[in-house]
Amino acid sequence: IRAVLRLLEARPYLREGPILDLGCGDGDVFQLIFGRRPDAAGVDSGSTRLDDVDGARRSKCYGEVRMEDAAHMSFEHGRFALVFSNSVLEHILPVDPVIQAVERVLRPGGHFLFTTPDPRLYSVEAYSWRRLFQPVGLDWMGRRIVERESIAYQHVSILSAAEWQQK
């Protein structure tokens, strides 16, 4: 979140609305970053807990909240100046239809600001289980823990910055 806040401080025009929060959940992260925005909309899929979407509605941090698939959003073309998505895209496969939908709802010259884990998150250097097991020849065990954690967190699209730029 600190990186997003630094970016918004350096480029305040990104705060201009209207804003779509893609994968809004309960709206807490959006409200922390953008505050209450009547010009904002939140959208989350049916796979999200209904309590989260209800929480987003109750928080009143958005002018409207919709529960629908990100690849098939019903928002009109070119409605948003900014689409914001915090730690959502890594849970979506295939991700290309979602990016196309974002492009459709963005205004010309609009921006898509999203965060995802870096693939290095699970590297030997960064991931504690792999750091622990690798020196004693048990990196296979560390990789197995990584696989299980990815399944538990439903991480299916962890891409590098270069891979995201190609999309």
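**Entry 1: a pair within helix 3**

I began with aspartate 54, which forms a salt bridge with arginine 57, the closest N and O atoms being 3.5 Å apart. I note here that I am working from a predicted model. I then looked up where the two partners sit, and found that aspartate 54 and arginine 57 are separated by about one helical turn, because they lie 3 residues apart in helix 3 (residues 50-59). For exposure, I recorded aspartate 54 as partly exposed at 26% relative accessibility, and arginine 57 as partly exposed too, with a relative accessible area of 39%.

**Entry 2: glutamate 64 and arginine 79**

I turned next to arginine 79 and glutamate 64, whose side chains meet in a salt bridge at 2.7 Å, N to O. This pair links distant parts of the chain, since glutamate 64 belongs to strand 3 (62-67) while arginine 79 lies in the loop between strand 3 and strand 4 (80-86), 15 residues apart. I followed the partners further and saw that salt bridges with shared partners join Glu64, Arg66, Glu76 and Arg79 into one network. Arginine 79 is buried, because its relative accessible area is 19% and buried means under 20%. Glutamate 64, with a relative accessible area of 24%, is partly exposed.

**Entry 3: arginine 37 and aspartate 39**

I also checked arginine 37 and aspartate 39, whose side chains meet in a salt bridge with an N to O distance of 2.9 Å. Arginine 37 counts as buried at 14% relative accessibility, whereas aspartate 39 counts as partly exposed at 29%. For the whole structure, my search gave 6 salt bridges.

**Entry 4: the second largest pocket**

Which residues line the second largest pocket? I listed Leu89, Ile99, Val102, Glu103, Leu106, Phe112, Phe114, Trp164 and Lys167 as its lining, and noted about 220 Å³ of space in this pocket. Sorted by character, the lining residues divide into 7 nonpolar and 2 charged, with no polar residue. When I asked which elements supply the lining, I found that helix 4 (96-105) and strand 5 (106-115) each contribute at least two residues.

**Entry 5: a patch on the surface**

Last, I looked at a nonpolar surface patch of about 270 Å², which is made by Ile1, Leu5 and Leu32. Of these residues I looked up isoleucine 1 in particular, and placed it in the segment before helix 1 (2-10). Isoleucine 1 is partly exposed, with a relative accessible area of 46%, so it passes the cut-off of over 30% that patch residues must meet.

Notes. Residues numbered from 1 in each chain as written. Predicted model: local features only at pLDDT ≥ 70, side-chain atom pairs only at ≥ 80, totals over all residues. Heavy atoms only, no water. Patch = residues over 30% accessible without salt bridge, like charges linked within 9 Å, V, L, I, M, F, W, Y side chains within 5 Å. Areas by Shrake-Rupley, 256 points an atom, 1.4 Å probe, with all protein chains shown as cover. Salt bridge = Lys/Arg side-chain N within 4 Å of Asp/Glu carboxyl O. Helix = DSSP H or I, 4+ residues; strand = E, 2+ residues; numbered from the N terminus. Buried < 20%, exposed > 50% of the residue type's maximum accessible area, 1.4 Å probe, protein only. 1 Å grid on protein atoms, 1.4 Å probe; cavity = no way out; pocket = protein on both sides within 12 Å on 5 of 7 lines; lining within 4 Å. Points joined across faces, edges and corners; volume = space filled by probe spheres on them. Nonpolar A, V, L, I, M, F, W, Y, C, P; charged D, E, K, R; others polar.
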